[in-house]
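Visitor: I would like to go through this model with you, one feature at a time.

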Amino acid sequence: MINNVLITGGAGFIGSHLCEFLLGKGYNVICIDNFNSFYDPEIKIRNLSGIIDHERFSLYKIDIRDKKELIKVFDSHKPKIIIHMAAMPGVRPSLENPSLYSDVNINGTQCVLEAMRISGTSNMIFSSSSSVYGNNSKIPFSESDIADDQISPYAYTKRAGELMCRMYNNLYGFNISCLRFFTVFGPRQRPDLAINKFADKIIQKEQVEIFGSGNTYRDYTFIYDIINGIYLSMIHLKGFNIYNLGEENPVDLNEMINTLEEAIGIKAIKKYLPYQQGDVDRTLADISKARSELGYNPSFSFREGIDQFICWKRKQRNSISESNPGKNISKNTLPAFQAWC
């Protein structure tokens, strides 16, 4: 069994769920996060509130571009596998500051890989994105498709990270699996992402801005299915591989909003706007490779996931209204894979 797992970006949406899950599996978890201001750092602190005092959990506030500090942590804990999730996220923000995205996502990834090489760690899971496919004309998206037509700096940096991982596999024999996540959602989703943002707008009876006609679609993937996919990729890690992690169930924007309306019980006030530069028209994962090689088999429907998300949202909002801001605001201390309602 791999005892020590180091997770970069471990205080974020996906990372915090993964930390909880792996602690529940008996692993020692080392979490690195820089708690930057892309969104309120207090949200990340709340994400970790249920595990911060766990005897097998260690937390370091480090920027992945600080190779010296990374090496210190690597040498201290001697992790057997790195799950590299730290990155500047988001397609639209990357259009505004592409140099920052290149610095963090490309240079930062190289710093992590170099720290691994220097410290003698040779196993990694790299979190990539369905955005690397761009507006791929072939549906569903397959790992064998040519991915050289990205339409945002964010997507480009994720593809560059994959290629860098392949290089370290070629040069040093690293075992690396790159996981292309397809629109992850669920409890703790980042506040800038559509489902969370739209839910807030609907609850507050504010306008929901829809870019385009609402017929673009995404392969929304529930957080618990993603966590299971990451875990399976750890177990089957060998050589270099790329895997899609999705649900194979596309949902268009209008349907997504309708589902939120039904779960919340309030009708959305919709405002349609022109398409946004950098957004892809559609995503749909071919998960046959992950299914056959990893045993990945997503089990949550979109509606089930939305119900779980809205339940968490209600608990969070009630907790904030009943407690002192900044002091144990969230009650989301249940372990991963346990029902929220």
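The questions below concern a helix pair, a cavity and two loop residues in a predicted model.

Visitor: How are the axes of helix α1 and helix α8 oriented to each other?
Guide: The axes of α1 (residues 13-24) and α8 (residues 223-235) come within 10 Å and cross at roughly 60 degrees. Roughly perpendicular would need 65 to 115 degrees, and roughly parallel an angle under 35. The two helices are therefore oblique.

Visitor: Which class, nonpolar, polar or charged, has no residues in the contact of α1 with α8?
Guide: On the α1 side the contact includes Phe13, His17 and Leu22, while α8 contributes residues including Ile223, Tyr224 and Met234. The contact residues divide into 12 nonpolar and 1 polar, and the class without any residue is charged.

Visitor: How many charged residues are in the lining of the largest cavity?
Guide: The search of the whole structure finds 1 cavity of 30 Å³ or more, and about 30 Å³ of space lies in the largest cavity. Its lining is formed by Phe185, Tyr220, Glu247, Asn249, Phe300, Ser301 and Phe302. Of these residues 4 are nonpolar and 2 are polar, and the number that are charged is 1.

Visitor: Is the peptide bond from Ile139 to Pro140 cis or trans?
Guide: Pro140 is found in the loop between β5 (123-129) and α6 (153-172). With omega near -5 degrees, the peptide bond that joins Ile139 to Pro140 is cis.

Visitor: What is the phi of Phe35?
Guide: Phe35 belongs to the loop between β2 (28-33) and α2 (41-47). Although Phe35 is not a glycine, its phi is positive, at about 50 degrees.

Note on methods:
Residues are numbered from 1 along each chain as its sequence is written. This is a predicted model: local features need pLDDT of at least 70, side-chain atom pairs count only at pLDDT 80 or more; totals for chains, interfaces and linings use all residues. Side-chain values use heavy atoms; hydrogens and water are left out. Axes are lines fitted to C-alpha atoms, for helices over the stretch in contact, and angles run from 0 to 180 degrees between N-to-C directions. Helices (H or I, at least four residues) and strands (E, at least two) are DSSP runs, numbered from the N terminus. Angles under 35 degrees count as roughly parallel, over 145 as roughly antiparallel, 65 to 115 as roughly perpendicular and the rest as oblique. Contact means heavy atoms within 4.5 Å. Ala, Val, Leu, Ile, Met, Phe, Trp, Tyr, Cys and Pro count as nonpolar, Asp, Glu, Lys and Arg as charged, and the others, Gly among them, as polar. On a 1 Å grid over the protein atoms alone, a cavity is a set of points where a 1.4 Å probe fits but cannot get out, and a pocket is an open set with protein on both sides within 12 Å along at least five of seven lines; lining residues have an atom within 4 Å of a point. Grid points are joined across faces, edges and corners, and a volume is the space filled by probe spheres set on the points.
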